[in-house]
Amino acid sequence: VQLQASGGGLVQPGGSLRLSCEASGGFIVINIMGWYRQAPGKQRELVARYTRGGNMNYSDSVKGRFTISGDYDKKTMYLQMNKLTSEDTAVYYCMGNIWAASTGSVDYWGQGTLVTVSS
C-alpha cells in the first residue's frame with residue numbers, strides 16, 4: 001500500500017490550497033484518513049482526521065478554515081485549506097489506516113507535501 005500526496009505549494013496569506021492523497025495497492029479498505037503537518041522546529045501534529053463511520057476531528061487551529069473529505073471509491077482523501085496564514089506553513093502528511101488482506105489494518109504515511117504561506 002502506498003499513499004501519494006500532492007497539491008502543496010506557495011500561496012499568499014488569505015489564499016487557499018487543496019491537498020490530495022491517493023492510496024494504491026490493490027484491494028484495500030480505508031478505515032481512517034487523516035492529515036498531519038510538521039512545521040520547522042516543531043513536532044508533527046494532527047490537522048484533521050476522518051473515519052469511515054463519518055466522525056471528523058480538527059485541530060483548534062484549523063477549525064472553520066480547513067475541510068477534510070474523502071472519496072472511498074477513488075481511494076483518495078482531500079484537505080481543502082482556506083484563509084491560510086503563515087502559521088500554516090509546514091510539510092503536510094497524509095495518513096491512512098488501511099486494511100489489506102495480506103496485512104490487516106495498518107497505518108500508512110504519504111511522503112509529505114510542502115505548503116508555504118508567504119507574501
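**Salt bridges and the disulfide**

Biologist: With which residue does the side chain of Lys-63 meet in a salt bridge?

Modeller: This is a predicted model. A salt bridge requires a side-chain nitrogen of Lys or Arg within 4 Å of a carboxyl oxygen of Asp or Glu. At 3.2 Å from N to O, the side chain of Lys-63 meets this rule with that of Asp-60.

Biologist: Are Lys-63 and Asp-60 buried or exposed?

Modeller: A residue counts as exposed when its relative accessible area is over 50%. Lys-63 falls in that class, and for Asp-60 the result is likewise exposed.

Biologist: How many salt bridges are there by this rule?

Modeller: Side chains of opposite charge can pair when their charged atoms come close. With the distance limit set at 4 Å, the number of salt bridges found is four.

Biologist: How far apart in sequence are the parts tied together by Arg-37 and Asp-88?

Modeller: Arg-37 and Asp-88 form a salt bridge, with their closest N and O atoms 2.9 Å apart. Arg-37 belongs to strand E4 (residues 28–38), whereas Asp-88 sits in the loop between strand E8 (76–81) and strand E9 (90–100). The pair therefore connects parts whose separation in sequence is 51 residues.

Biologist: What is the relative accessibility of Asp-88?

Modeller: The limit for a buried residue is under 20%. Arg-37 counts as buried at 6%. Asp-88 also counts as buried, with a relative accessibility of 1%.

Biologist: Which residues are joined into one network by salt bridges that share partners?

Modeller: Arg-65 also forms a salt bridge with Asp-88, the closest N and O atoms being 2.8 Å apart. This pair links distant parts of the chain, 23 residues apart, with Arg-65 in the loop between strand E6 (56–58) and strand E7 (66–71). Both Arg-65 and Asp-88 are buried. Through shared partners, the salt bridges join into one network Arg-37, Glu-45, Arg-65 and Asp-88.

Biologist: Which strands hold Cys-21 and Cys-94?

Modeller: A disulfide joins Cys-21 to Cys-94, with an S to S distance of 2.0 Å. The pair ties together parts that are 73 residues apart in sequence, because Cys-21 and Cys-94 lie, respectively, in strand E3 (residues 17–24) and strand E9.

Biologist: What is the handedness of the disulfide of Cys-21 and Cys-94?

Modeller: The structure holds one disulfide. Its torsion about the S-S bond is about 55 degrees, so the disulfide of Cys-21 and Cys-94 is right-handed.

Biologist: What is the relative accessible area of Cys-94?

Modeller: Cys-21 is buried, its relative accessible area being 1%. Cys-94 is buried as well, with a value of 0%.

Methods. Residues are numbered from 1 along each chain as its sequence is written. This is a predicted model: local features need pLDDT of at least 70, side-chain atom pairs count only at pLDDT 80 or more; totals for chains, interfaces and linings use all residues. Side-chain values use heavy atoms; hydrogens and water are left out. Helices (H or I, at least four residues) and strands (E, at least two) are DSSP runs, numbered from the N terminus. Buried means under 20% relative accessible area, exposed over 50%, partly exposed in between (1.4 Å probe, protein chains only). A disulfide is a pair of cysteine sulfur atoms within 2.5 Å.
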